[in-house]
Amino acid sequence: MKLGFVSAILDGWTLDEVLDVASNEGFQCIEVACWPQGETERRYAGVSHIDVANLTKENAEGILKKFKEKGLEISALAFYPNILDANINKRKENIAHLKKVIDASAILDVNLVTTFIGRDQNKSIDENLEIVKDVWPDIISYAEEKKVRIAIENCPMLFGREQWPGGQNLMTTPEIWKRVFEILPSNYIGINYDPSHFVWQMMDYIQPLYEFKNKIFHVHYKDIKLYPDKLKRVGTTAYPLEYMSPKLPGLGDVDWGKYVSALTDIGYNGYTCIEVEDKPFEESRERVIDSLRLSKRYMEQFVI
């Protein structure tokens with residue numbers, strides 16, 4: 001397994017600066033944020049370290065040269081919007097940009113894109129699965145033509161009022177994964193596996209690794225800390241951030257030894273990327289670097 005990080009935490013940093021940080025801290029890869037230039041949708045969304053809309057083969061060669069000189073690889077190109085947005089115009093914009101990210105992933109010979117499947121938050125799971133049938137076959141066909149795999153993260157996107165009642169990402173549980181993969185029986189769609197989201201949903205984050213071992217294309221290392229006293233007061237139907245907090249690996253409730261052990265059991269040897277969303281470490285550039293350094297130091301117990 002190769003250890004890297006998600007570049008979204010380095011908002012406002014140039015690609016060269018991101019590469020310097022990754023190289024100086026001894027990382028092996030970067031999941032590169034590729035949102036539309038100049039558009040910020042929410043926290044961590046809107047970061048763009050590669051302008052996929054204007055990427056040419058010549059530009060791509062320059063980018064790959066920079067990565068090679070720093071001894072780094074691109075694990076995936078990342079774009080996490082709501083592909084099934086109820087606003088049809090916004091949905092079309094998101095799909096159009098996702099296809100540009102797919103194009104860029106092919107040009108850069110990365111051949112992997114990390115994203116969300118999306119959700120109409122005002123419709124049921126079954127209703128959303130019908131929308132998946134309408135929207136996603138075309139996207140998967142496009143990805144197949146480009147020979148680019150798509151890894152869907154399992155984050156519910158259910159953290160604020162603007163995302164309620166249903167959240168903005170459908171692929172949140174193994175049962176839903178099964179149904180989506182039945183609708184989209186392609187080797188080009190899989191999972192970007194983040195155990196932290198299972199923790200706050202009170203779900204098993206180990207067993208699905210075995211069940212879906214052939215569908216795990218990419219892995220995130222992010223932790224979650226539950227606050228039992230708060231949970232007892234507000235319950236699981238409250239906004240999740242009322243009873244939990246994203247943390248650096250090792251500072252929350254994920255058992256990382258068991259998690260990485262299961263990854264080795266299933267023979268996963270792909271990219272694994274630290275995702276920083278721990279607010280106390282976002283006060284300055286120095287603290288952001290500290291967060292990456294601490295996370296790497298902790299995960300190197302399990303991943304070299």
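I take contact to mean heavy atoms within 4.5 Å, and I keep that cut-off in mind when I write that one element lies across another. The model I am looking at is a predicted one.

**Entry: helix H4 on the strands**

I began with helix H4, residues 125-146, and found that H4 lies across E4, E5 and strand E6 (189-193), running at about 135° to E5. I then looked up how these strands are joined to one another. Strand E4 (residues 112-115) pairs with strand E5 (residues 149-153) in the parallel sense, over 4 bridges, and within that pairing I noted that Val-113 stands opposite Ile-150 of E5. On the next pairing, I found E5 and E6 also joined in the parallel sense over 4 bridges, with Ile-191 in E6 as the bridge partner of Ile-152. I also checked the cover on E6, which is mostly covered, 5 of its 5 residues being buried.

**Entry: the barrel**

I followed the pairing around and arrived at a closed barrel of 8 strands in the order E1-E2-E3-E4-E5-E6-E7-E10, with parallel pairing. From one strand to the next, the twist averages 30°. As a reminder to myself, strands of a sheet pair through backbone hydrogen bonds, and they do so either parallel or antiparallel.

**Entry: H4 against H5**

Which residues of H4 meet helix H5? I listed Ile-125, Asp-126, Leu-129, Val-132 and Lys-133 on the H4 side, and they meet Ile-176, Arg-179, Val-180 and Ile-183 in H5. The axes of H4 and H5 (residues 174-183) come within 10 Å and cross at roughly 30°. Angles under 35 degrees count as roughly parallel, and H4 and H5 are therefore roughly parallel to each other. I recorded the crossing in which H4 passes H5 as right-handed.

**Entry: His-220**

Is His-220 buried or exposed? I located His-220 in strand E7 (residues 216-221), and I read its relative accessible area as 0%. Buried means under 20% relative accessible area, so I entered His-220 as buried. I then looked for polar partners of its side chain, and found a polar contact with the side chain of Glu-31 at 2.7 Å and another with the side chain of Asn-192 at 3.2 Å. Leaving aside residues up to four places away in sequence, I noted that His-220 touches a longer list of residues, among them Val-6, Tyr-80, Glu-153, Tyr-193, Asp-194, Pro-195, Trp-256, Tyr-259, Cys-273 and Glu-275.

Definitions and conventions: Residues numbered from 1 in each chain as written. Predicted model: local features only at pLDDT ≥ 70, side-chain atom pairs only at ≥ 80, totals over all residues. Heavy atoms only, no water. Pairing = 2+ DSSP bridges. Helix = DSSP H or I, 4+ residues; strand = E, 2+ residues; numbered from the N terminus. Axes fitted to C-alpha atoms, helices over the stretch in contact; angles between N-to-C directions. Buried < 20%, exposed > 50% of the residue type's maximum accessible area, 1.4 Å probe, protein only. Polar contact = N/O pair within 3.5 Å; in protein donor to acceptor, adjacent residues only side chain to side chain. Parallel < 35°, antiparallel > 145°, perpendicular 65-115°, else oblique. Left-handed = near helix turned anticlockwise from the far one by under 90°.
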